[in-house]
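Please look over the sequence and the model below before reading on. The paragraphs that follow begin with one pair of helices and then widen out to the rest of the chain.

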Amino acid sequence: MYAFVRFLEDDMCYALPVSDVKDFQPVHKRDFDDQKVYVVLRGAGQPAKAHILALAESIEEFEHSIMQKKMKIPKMSNRNTVENHFGEERVPLRHKKVQSQEQQRASSNSSKSLAAVVARLERNAVNSCTEGEELDRLTTEEEEEQDEAVVPRVLYEELVHSYRQQEEEMRRLQQELERTRRQLLQQAKKLKEYGSLLTEVKELRDFNRRLQDVLLMRLGSEPMHDNGTQTIKAEVVEPISEPQEVCQEEANTSSTHSPSPRTVYTFNDGKVHLGGGIWVEEEKWHQLQRTQGDSKFTKNLAVMIWGTETLKNRSVTGVATKKKKDALPKPPLSPSKLKIVRECLYDRVSQETADSAEITQRLSKVNKYICEKIMDINKSIKNEERRESKLLIQQTVKMENFPYDAHLNQEREKRVVFLTARVHPGESPASFICHGVIDFLVSQHPIAQVLRDHVIFKIVPMLNPDGVYLGNYRCSLMGFDLNRHWQDPSPWAHPTLHAVKQLIVQMNQDPKVSLEFYIDVHAHSTMMNGFMYGNVFEEEEIGQRQAVFPRLLCQNAPDFSLSSTSFNRDVVKAGTGRRFLGGLLDDTSYCYTLEVSFYSYLTAGSTSPVPYTEDGYIRLGRNVARTFLDYYKLNNLIDESKPTGHINSPFDGTSTSHQGNKAGNGKVKGDRKPH
């Protein structure tokens, strides 16, 4: 039997035979006192005091116990290096040769294990030297913590495997991050190149425009004929000898150039000479000076210089429009006359401001103003042709078959009012308004009878039936917001919208039909009362006529707010029915969006809101239908009809004395000057 002892003299540990311990004859492995001091022979047989730490039958058992942590080895407190002496020469089993290879491998593994234990003991000894006496008192606690800190080999291998996986994942993420960084750098480089290309394209376009102006100036030495042709001599185009002259001509014809002011005009025999052989009447010139706004000034001056007959067959640049596929280019306007227009506008602007940037910005819109004037002239000509065709058809009809007087017979054509609702399925108040319109029009009320005799009402109460059935709030079965696809509806994806648009286009092309109103009914989730949205027109007169119907509706409906009614040209609303049909139909047709609150309304002079009910929405619909009687001035025909009853409530549409809801400033936003 062997004893593993620690000598108190130098804290050295040895594995010695039990016979080297005096007066000690153990029977079993636990037959010793770890607190008792024994006398043990060491080295050359010299006795020394020591503690017995453990007993074992062999040296290998000590090694196994130490590796499995079954035997505690206390820390050494002295400053001597701790060494491991398992018997050395005194224990022949430690050094005897093993005959079998398996025993040799086991012995080598044991030596490595013991070496690891000794290294740990050495580290503990070094730490104990630095900590001093304070760590001696905590020896027992540290031994327990050290025992608890030992990790089993299986868990250790799992942790190592997990650590390697994390390293692999980290490397993969770093590679992906580097790849993403390179892609972002490439995208940034492409964006920079794209921006530079856009700048170059813009510069090329400006240069091309200036070159066209110079070419037109050189070709414009001969006067333009009324039919748009021009006599050009072969010697007109001369080689450019001086680059400075070219730059000067380009600057004079460019829309961004600020020409020199001409404060004095020549007056002779009731006419004013503007330069370049252009004379205008003096009275018209003084009226032009009193015109407000650059747009009207430029448009009226263009009419004075060219005339409407010439403008309708010309264009500013001579390039065909891209809106129509089969459009043919028209002859351009004379650059010399365009130069006169810019000079006159410069004289006007320079008197108002001295800021060169503002002057340049206002002069750059000359071409735009003239283009708009040409479009207005062509549109008015088209409308006049339609009116003449309708008048011609009326003259061919035998008027004696009509029961009304001659005044009504002259205007006896199919006036159509087109109403749509529920394009957004979640806006259920729109259905109740349509209910009120239909319920009133089919009734026997005298007003309804007169309206049926003079106006045709086309009503589509539900543009999005599949969305209503599914319970959607805004989209259809296919997931489309139908009120953004009026421009090009698909018969497969937007069948209801496609059918309604085809019907409206067909009626618009029919000379016997006058489509005068289109009203799309909606419900609003944030604002109160009922109100309208309308379109913006360049001509102030058209905008004033468009504001008539909301004003009349405000007089008939106390829950309609005139202050919330607005007229706009919002780009986001370009695909709506109001915006699209407003551009498709002529100036005699008015397109509105009628909005009504989901919640409540305020009456005039009241601060407490009144909640909307189904009856309230229906009453608003009746008042909408009632307003058409006032608009078409058919009130004098009520006495000729047989009255079937009188409705005293102002909500039912017979009272016209109520002034409606004019909360706020009481002004329609569209009544201001169109922009």
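**A walk through the predicted model**

In this predicted model, a useful place to begin is the meeting of two helices, where K284, W285, L288 and Q289 in helix 8 are in contact with F297, N300, L301 and M304 in helix 9. Sorted by character, the residues of this contact comprise five nonpolar, two polar and one charged. Two packed helices are described by the angle between their axes and the distance between the axes. For helix 8, which spans residues 282–289, and helix 9, which spans residues 294–306, the angle is about 165° and the axes are 10 Å apart. Because angles over 145 degrees count as roughly antiparallel, helix 8 is roughly antiparallel to helix 9. The crossing in which helix 8 passes helix 9 is left-handed.

From this pair one can step back to the whole protein, which has 22 helices and 16 strands. It consists of 675 residues, of which 39% count as buried. Among the contacts between residues at least 6 apart in sequence, 68% join residues that are at least 24 apart.

The interior is the next stop. The largest nonpolar core has 44 residues, and I519 and F628 are those with the most contacts inside it. Helices and strands both contribute to this core, with at least two residues each coming from strand 9 (414–421), helix 15 (429–441), helix 16 (446–454), strand 10 (455–460), strand 11 (513–524), helix 20 (548–556), strand 14 (590–597) and helix 22 (614–631). Once neighbours within four places in sequence are left aside, I519 is in contact with F418, L419, T420, M532, F549, Y592, L594 and F628. There is also a second, separate core of 28 residues, which includes Y265, L301, I305 and I359. Of these, L301 has already appeared in helix 9, as one of the residues that meet helix 8.

Helix 16 deserves a closer look. Seven of its nine residues are buried, so helix 16 is largely enclosed by the rest of the structure. The buried residues are P446, I447, A448, Q449, V450, L451 and H454. Helix 16 packs with helix 22 at an angle of about 65°, and the two axes are 10 Å apart. Their crossing is left-handed, and the contact is made by I447, V450 and L451 of helix 16 together with A625, R626, F628 and L629 of helix 22. The residues of this contact divide into six nonpolar, no polar and one charged.

Two single residues complete the tour. H51 lies in strand 4, which covers residues 46–56. With a relative accessible area of 16%, H51 counts as buried, because the limit for that term is under 20%. Not counting residues up to four places away in sequence, H51 touches F4, V5, R6, L8, D34, Q35, K36 and V37.

R484, by contrast, is partly exposed, with a relative accessible area of 26%, and R484 lies in the loop between helix 17 (465–470) and helix 18 (495–509). Its contacts, leaving aside neighbours within four places in sequence, are with R474, V572, K573, G575 and T576. R484 and F580 are 96 residues apart in sequence, while in space they are 9.6 Å apart from C-alpha to C-alpha.

Definitions and conventions: Residues numbered from 1 in each chain as written. Predicted model: local features only at pLDDT ≥ 70, side-chain atom pairs only at ≥ 80, totals over all residues. Heavy atoms only, no water. Helix = DSSP H or I, 4+ residues; strand = E, 2+ residues; numbered from the N terminus. Buried < 20%, exposed > 50% of the residue type's maximum accessible area, 1.4 Å probe, protein only. Contact = heavy atoms within 4.5 Å. Core = buried A, V, L, I, M, F, W, Y, C linked by side-chain atoms within 4.5 Å. Axes fitted to C-alpha atoms, helices over the stretch in contact; angles between N-to-C directions. Parallel < 35°, antiparallel > 145°, perpendicular 65-115°, else oblique. Left-handed = near helix turned anticlockwise from the far one by under 90°. Nonpolar A, V, L, I, M, F, W, Y, C, P; charged D, E, K, R; others polar.
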